[in-house]
Amino acid sequence: MILRPRISDIKNIGYYLGKITIGLGLTMMVPIVIGLGFREINPILDFLISSAITLLIGIILTRLCRTEEDLDWMQGMIVVSLSWLVAMLLGALPLYLSGHWKSYLDACFEAMSIFTTTGLVLVQDLDHLSYAHNLWRHLGNFIGGQGIAIVALSFFVKGTSGAFKMYVGEGRDERLLPNVINTARFIWLISGVYLILGTLILGIVGMSIGMKPSNAFFHSACIFMAGFDTAGFAPQSQNILYYHSLLFEAVIIVIMLLGTLNFNLHFQMWFGNRKEIWKNIETRTLFFTVLTLSFITAVGLNQLKVYPEAIALFRKGFFHLVSGHTGTGYMTIYARQFINEWGNLALVGLICAMGLGGCICSTAGGIKMLRIGIFFKALKQDIKKIILPESAVVSQKFHHIKDIFLEDKQVRSALLITLVYLGLYVLGAIIGTWFGYPFLDSLFESTSAAANVGLSCGITDASMPAVLKLTYIFQMWAGRLEFMSIFVLIGFFIAEVKGR
Amino acid sequence: MMKKMILLVIGLWFLVTNCFAAPISSEELIQNAREYDGKTVVYKGEVIGDIMMRKEFVWINVNDGVNAIGIWSKKDLTRDILYTGGYKSRGDMVEVRGIFHRACLEHGGDLDIHIEELSKIDSGMVVTEKINFAKRNWAFILLGMLGLVLILSNILRASGASREV
């Protein structure tokens, strides 16, 4: 028998959703400050309107649903899944008001891409977008990368077990510190320190390649936020090609790799456990897959003589492979060049890299390295079982922060999530093909959306069918939250309709 | 006779290089990059973003309304460029003639144009922002509502707390 949700459930969900909405409204003040700095009047008005609407909704929700109760698992998951939809709908307001998006759906698409750190864009005339709106796009990457719910709660809530449920709901289940709020704050600390360092380095590189100092540092802050949070947004329409610099691209490769690493690994490194990076199953798997897929991509590009020089092969082939694998989506070629020039083998290498994704507990999407590593270990264990005598007891260990014995339930859970991801990639590809796009193009774009990468082969465009836009929005949302909280939300609605 | 021949050849050369050289769009160049690779093309658009000096050369990015393409030029050719496009400015409109590269060997595989000639066809300008009054009015109304809701919710909270006491 399905039980219909109680009023107290809805009140609890509404209350925490309200808090997150208030948090979102307050973050809209940051672009206002930037707008004031650059004297951009209409963008300031866009953000004042959007912030006021968002705060009004948040305050009304918290007042109407006022409660002292903590969240249970179901409520926590629903708050998370709904908060990303609310963030999309309200975060799209300033974008739409700017007039640089053709429709509200386009603005919503971009907002979902921003918060899920995907990087697919529908903006028109990006080169004339205001500093305030550009900052909002990149700040959104930074907020979304940490997790919308947990960002809001780490500032507005003092120690709650409900926060842990939301932390898990946002696709993370590793705590760096015993208290999840402290974990979230530590993630902020890591990101903040890297932000200062990264902005400084990229800013200096920017000036050295001839950019004006103000532009160099604005761009560097934006590029860092979008690079470290594996989002792939950039302030100019050419993305990273705008800078025409090997040094700039090399720094970005380092930032992308840092962003795709597990925050737990950063934590270990910060506290002196540097050996962890060499021992950890995720970094080993990442190293192996980057190497293998780089080789496949390079062979593919070489066969067609796409880049007949090593430096070009590095700057185009390896750069995009790392960009796809880390889930960032930075580009130094035009979208159609993938299809027109790269050839099938190189594209397959890149699609695989995008699908595999980065490390768990990072800002990257995709299947993730821990799960791939577990598959390898399980395979090794099974082969050992076949080779060794039947009486032999075969155990398999892997190292992830500590030594862990491989169990069937870990393999099952990894397999389940992997299957759902693969299903999501294929679903988008089928819908893309339905609308007349070639299958490989559709699979490329679908994998990019569902694994929150943001590389595009040209399908993502303001003129694409609305159903396809909605499909990609769903894929970005589901891929970022790793499905569980979305399944709970669906279950909640079913219970509301069918429950007693 | 010889003079006439020379004049004819010069005339034809000008005709081919200038008059018949209609600008090619960025879409056309990107879509058919292999076809245009290594050929002289004419491309037209607005200079956007930064003018990035690299020793005696310079990178500019020129947007034709669909895509922006990197233009590699000698510094002195870009002397006339005064405005570059951004939120508060409309960049100079330029027409460039140069060699198109699908994957430039000199620049790490970038799709770019190495120019031989640049002409400014329209001057850019600083764009004066006009206040959108409808937005301004909505901002006032919504901020007023927000203030009102905050005051009301504080009154309600205070009355609730005193009732509890």
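## A:Gln268 and its surroundings

In this predicted model, A:Gln268 lies in helix 12 of chain A, the element that covers residues 263-270. Because 19 C-beta neighbours fall inside 10 Å of A:Gln268, this residue counts as partly exposed; the class of buried residues begins at 20 such neighbours.

When residues up to four places away in sequence are left aside, A:Gln268 touches A:Asn273, A:Glu276 and A:Ile401. A:Arg63, by contrast, is 205 residues away from A:Gln268 along the chain, and the C-alpha atoms of these two residues are separated by 41 Å.

## Chain A as a whole

Chain A contains 21 helices and two strands, and its C-alpha trace spans about 65 × 60 × 50 Å along the principal axes. The radius of gyration of chain A is 22 Å, which agrees with the value near 23 Å that a compact globule of 500 residues would have.

Of the 500 residues in chain A, 58% are buried. If one takes the contacts in chain A between residues at least 6 apart in sequence, 73% of them join residues that are at least 24 apart.

## Chain B

Chain B holds four helices and seven strands, and their order, read from the N terminus, is α-α-α-β-β-β-β-β-β-β-α. The run of strands in chain B is thus preceded by three helices and followed by one helix.

Buried residues account for 32% of the 165 residues of chain B. Among the contacts in chain B that link residues at least 6 apart in sequence, 55% are between residues at least 24 apart.

## Where the two chains meet

How many residues does each chain bring to the contact? Chain A supplies 44 residues and chain B supplies 39 residues. On the side of chain A that touches chain B, the elements that give two or more residues are helix 3 (41-64), helix 15 (310-325) and helix 16 (335-356) of chain A.

Of these elements, helix 3 of chain A gives the most to the side that touches chain B, with 13 residues. Sorted by class, the side of chain A that touches chain B is made up of 23 nonpolar, 11 polar and 10 charged residues.

Terms used:
Residues numbered from 1 in each chain as written. Chains lettered and ligands numbered in written order. Predicted model: local features only at pLDDT ≥ 70, side-chain atom pairs only at ≥ 80, totals over all residues. Buried ≥ 20, exposed ≤ 12 C-beta atoms within 10 Å, placed from the backbone. Contact = placed C-beta atoms within 7 Å. Nonpolar A, V, L, I, M, F, W, Y, C, P; charged D, E, K, R; others polar. Rg over C-alpha atoms; globule rule 2.2 N^0.38 Å.
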